[in-house]
Amino acid sequence: MSGLYILGYFIVSFFALSIIGLFIFWIDRKITARLQWRVGPPWYQNFADIIKLSGKEVLIPENSNKFMFIFSPILALISATICGTILLLILRSELGFEGDLILFVYLLTLPSLSIILGGSASGNVLASVGISRELKLLLSYELPFICGIIIPTIKTHFTTSLIEILKYQQLNGSHIFSISGIIGFIIILISSTGKIGVVPFDLAEAETEIAGGALIEYSGILLGFYKLAKSILLFVIPAFIILLYLGGTTLDNLLGVLIFILKYIFVVVLITLIRNTNPRLRIDQALKFFWGWLTLIGIVGILFALSGV
Amino acid sequence: MNLKLKALKKSLWVYHVSAGSCNNCDIEILDLLTPRFDVERFGIVLVGSPRHADVLLCTGIVNKKCLERVKEVYEQTPKPCVVVAVGACACSGGIFRDGYQMAGPLNKIIPVDVYIPGCPPKPESIIAGIVKFLKELK
């Protein structure tokens, strides 16, 4: 597989991921609207948002670090796209090596880190409150998230290759049909809401108290890059959960794609339901929740997985 | 009509500027954003920062304390943006036009695109005003 092929794949998957992500974001908003007995936005709403943001003026604050301020949204977009590209390559069984699970976990923290970089470069007081929350949130949700990743690793005979996990589930059935599988699925679903930054854990962007948090100074297309990165993450993380727990998917034939879409909508609807039925937590409550109960349940799940249940 | 203007009309992000109002118009604006009126079907969303905004919903006479802030918020908003004066006070000064604190009305300070009179205007009339403006916008 040559470098040029990978580059071409990256560019194609960037456009594909953007379109899928923005469409998924619409599904999320529409379900939210229907749950609140509203009509909700039309299907092209998120596309209109991005196109509008690309036509707006970009304001750069006087006391900001200009290079980091412009660079961080681009970093967020690129890192989210790299995650998506790797995941698409793995789902189509084209690329895979021992340890790519660990690489993927590292890459998934990059969008959060770029939000922290951008917020701290903007030189705003409220943005600094936002980035301090984002940093604490990053520390707190990583622990149960890793617990949720270790469980399928153990169940697939201690492999750290995503493609091995996928192939094992194609032969032996999905990991979710066991006690430790269910525990792991619930844990990774809840901690992924923190990773995407939706309502129970959106305190880094809390619009009602700190006015957009880390993104407060961003305008125009730079804000659009962040929105696009977030909607790509909304595709990447549910697909990652499907790969780990609801696996056995191939994207080679039409039936496989259809089953994948059904599983995908199931996970997205679960995340949307969590977001619509919970209030926003304070940072200390979120930290206690993640490091307390969720990690404890995660460790119990790991013990179950080790004993083969 | 170009694509960006079309997109702007379909996705208005609103920032609420309260420039010394009596809170009556503000309560009507809060009502406007509830599920009952559902302005999200037009793509209208409330945002927390003027940097994200396309529409400034301004209420109240602009009093002397608010004068500098209103100017600053207008300068912080990325252009193109729309300024909407909600309520009799923002349009003309209303019953406070001879008050000692009066520095407005709003169109003395920043360019206003839409006037929605009423004391306070109903949410329906705010929606009607904005929809009429969107039809005229070219």
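**Figure 1. Strands β1 and β3 of chain B lie side by side in the parallel sense.** In this predicted model, look for β1, which covers residues 13-18 of chain B, and β3, which covers residues 55-59 of chain B. Five bridges link the pair. To find your way along them, start from B:V17, whose bridge partner in β3(B) is B:C58. Strand β1(B) is mostly covered, since five of its six residues are buried.

**Figure 2. Strand β1(B) also pairs with β2(B).** These strands run parallel too, and two bridges join β1(B) to β2(B). Here a handy landmark is B:W13, which stands opposite B:V45 in β2(B).

**Figure 3. Five strands of chain B build an open sheet.** In which order do the strands of this sheet sit? Reading across, the order is β2-β1-β3-β4-β5, and the pairing is parallel. Each of the edge strands, β2 (45-46) and β5 (114-116) of chain B, pairs on one side only. Helix α2 of chain B, made of residues 24-32, packs on the sheet. Helix α2(B) touches β1, β3 and β4 (82-86) of chain B, and its direction makes about 140° with that of β3(B).

**Figure 4. Helix α5 of chain B lies across two strands.** Those strands are β4 and β5 of chain B. Helix α5(B) spans residues 123-136 and runs at about 160° to β5(B).

**Figure 5. B:A90 is a buried residue in a helix of chain B.** You can find B:A90 in helix α4, residues 88-92 of chain B. Why does B:A90 count as buried? The reason is that 30 other C-beta atoms lie within 10 Å of B:A90, and a residue is called buried from 20 or more. Setting aside neighbours within four places in sequence, the contacts of B:A90 are B:C58, B:T59, B:G60, B:A85, B:P105 and B:L106. One of these, B:C58, is the bridge partner of B:V17 from the opening view. Now look for B:S21: this residue and B:A90 are 69 residues apart along the chain, yet 8.4 Å separates their C-alpha atoms.

**Figure 6. Two helices of chain A cross each other.** Helix α1 (residues 3-35) and helix α8 (residues 220-245) of chain A pack with their axes 8 Å apart. How are α1(A) and α8(A) oriented, roughly parallel or roughly perpendicular? Their angle is about 85°, and angles from 65 to 115 degrees count as roughly perpendicular, so that is the right description for α1(A) and α8(A). On the α1(A) side, the contact is made by A:L17, A:S18, A:I20, A:G21, A:L22, A:I24 and A:F25. Facing them from α8(A) are A:L228, A:S231, A:I232, A:L234 and A:F235. By class, this contact has nine nonpolar, three polar and no charged residues.

**Figure 7. Chain A and chain B meet.** Here 26 residues of chain A are in contact with 18 residues of chain B. On the chain A side, α2 (45-54) and α8 each supply at least two residues. The largest share, five residues, comes from α2(A). Sorted by class, the chain A side divides into eleven nonpolar, eight polar and seven charged residues.

**Figure 8. Confidence varies along chain B.** The mean pLDDT of chain B is 84, and 99% of its residues reach 70 or more. Where in chain B is confidence lowest? That place is helix α1 (residues 3-10) of chain B, with a mean of 78, while β5(B) is highest, at 89. The model scores ipTM 0.81 and pTM 0.85.

Terms used
Residues numbered from 1 in each chain as written. Chains lettered and ligands numbered in written order. Predicted model: local features only at pLDDT ≥ 70, side-chain atom pairs only at ≥ 80, totals over all residues. Pairing = 2+ DSSP bridges. Helix = DSSP H or I, 4+ residues; strand = E, 2+ residues; numbered from the N terminus. Contact = placed C-beta atoms within 7 Å. Axes fitted to C-alpha atoms, helices over the stretch in contact; angles between N-to-C directions. Buried ≥ 20, exposed ≤ 12 C-beta atoms within 10 Å, placed from the backbone. pLDDT = per-residue confidence, 0-100. Parallel < 35°, antiparallel > 145°, perpendicular 65-115°, else oblique. Nonpolar A, V, L, I, M, F, W, Y, C, P; charged D, E, K, R; others polar.
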